[in-house]
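Reader: I would like a close look at a single part of this model. Please keep it brisk.

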Amino acid sequence: MSNLSSFSFPHPVNTVQGPISYEDLGITDCHNHIWIDPVPGVEPNCPILDQFHEIELELVEFKKAGGQSLLDCQPEGCGRNSIKLLELSQKSGVNVIACTGFHRQKYYPPQHWLFGKRAQKVSDFLCTELETGMYETLEMEKPIKAGFIKIALEPSWGDCPQAALEGAALAAKKTGCLMEIHTEKGALAEKACLYFTDYGVSPNQIVFCHMDKRPDYGLHKELARLGVLLEYDTFYRPKYEPEKHLWPLIDHMVQNDLAGSIALATDMAESDLYHHIGGGPGLFGLPVEIKNNLRKRGISDSDITKLIGGNIARRLAGIN
Ligand SMILES: [Zn+2]
């Protein structure tokens, strides 16, 4: 892990309103979506989230309920609009951390540039977005920096965009930034863990998303012990039977002293899940219902703090 020795930790967390200390993030939803522009040329069923007023109300509600921060997981090219993220953060007072990277290829128009470039070009782009400013803000007086890298794995390794994966690995190694990795229901997490650490990315820079869709206790414990963070988010997805899978998985990990390796989220890319748009559970589910349920299950306040903010905050700052 010698690549990390050149960074000083903890480093500030880049929110869309500027850098803040990880200690000020508070209750944080570690994987969500608060804005998705329509993308010309994509399949008609790709999610769109662009009702500014309703989203603003939702964020205000989140903040009132104790939520302080969230990570927006929509990268450039598939609907990210960091200017809207900035306005929503300013109006609601919620800290928003935007990302660079890439989502699944189906969310982009055919032949999107990022999937045709060499690894070094992809890395240069991600590093610019993290260190200088995101593409759509470069003309602004104060460009807005991305705060982390988000990438997506396809269901099989052979379908993953290899140059883009390599570019993300180079950028993570160069910047020391956190990388959230979308998995298709937990698939390929062990393969990706080896892949990125072979490139010199530290395990504590890695978050595997949607891992509760693959509630294999042995795998979760092994990945946790390697030092990666596991993101769980099916609380409001009845088809994944959270009472049967997600909640017992949380209990099991906490009882095995692995509360430091989990981060919770609600991943509301579909507008129906928004309270003010579709009458769904809403962003405030995390600081209210989920937090209360953790308490009811006998999880200690210090572990709850880790699960709903502490762990992701430390990882964003480069410490574990
Ligand atoms: Zn997502």
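Which residue in β5 does Leu71 stand opposite?

Author: Leu71 stands opposite Ile97 in β5. First, the ground rules. This is a predicted model: local features need pLDDT of at least 70, side-chain atom pairs count only at pLDDT 80 or more, and totals for chains, interfaces and linings use all residues. Residues are numbered from 1 along each chain as its sequence is written.

Now the strands. Strand β4 covers residues 67-72 and pairs with β5 in the parallel sense, over three bridges. Strands here are DSSP runs of E with at least two residues, helices are runs of H or I with at least four, and both are numbered from the N terminus. Two strands count as paired if DSSP finds at least two bridges between them. In general, strands of a sheet pair through backbone hydrogen bonds, either parallel or antiparallel.

The wider sheet is open and has three strands. Its order is β3-β4-β5, with parallel pairing. β3 (27-32) and β5 (95-97) are the edge strands, and each pairs on one side only. Neighbouring strands of this sheet are turned against each other by 20 degrees on average, direction ignored.

A helix packs on this sheet: α10, residues 301-316, touching β3 and β5. Contact means C-beta atoms, placed from the backbone, within 7 Å. The direction of α10 makes about 70 degrees with that of β3. Axes are lines fitted to C-alpha atoms, for helices over the stretch in contact, and angles run from 0 to 180 degrees between N-to-C directions.

Elsewhere, Ile206 touches Met179, Ile181, Cys193, Phe196, Val201, Val228 and Leu229, not counting residues up to four places away in sequence.

Methods
Two residues are in contact if their C-beta atoms, placed from the backbone, lie within 7 Å.
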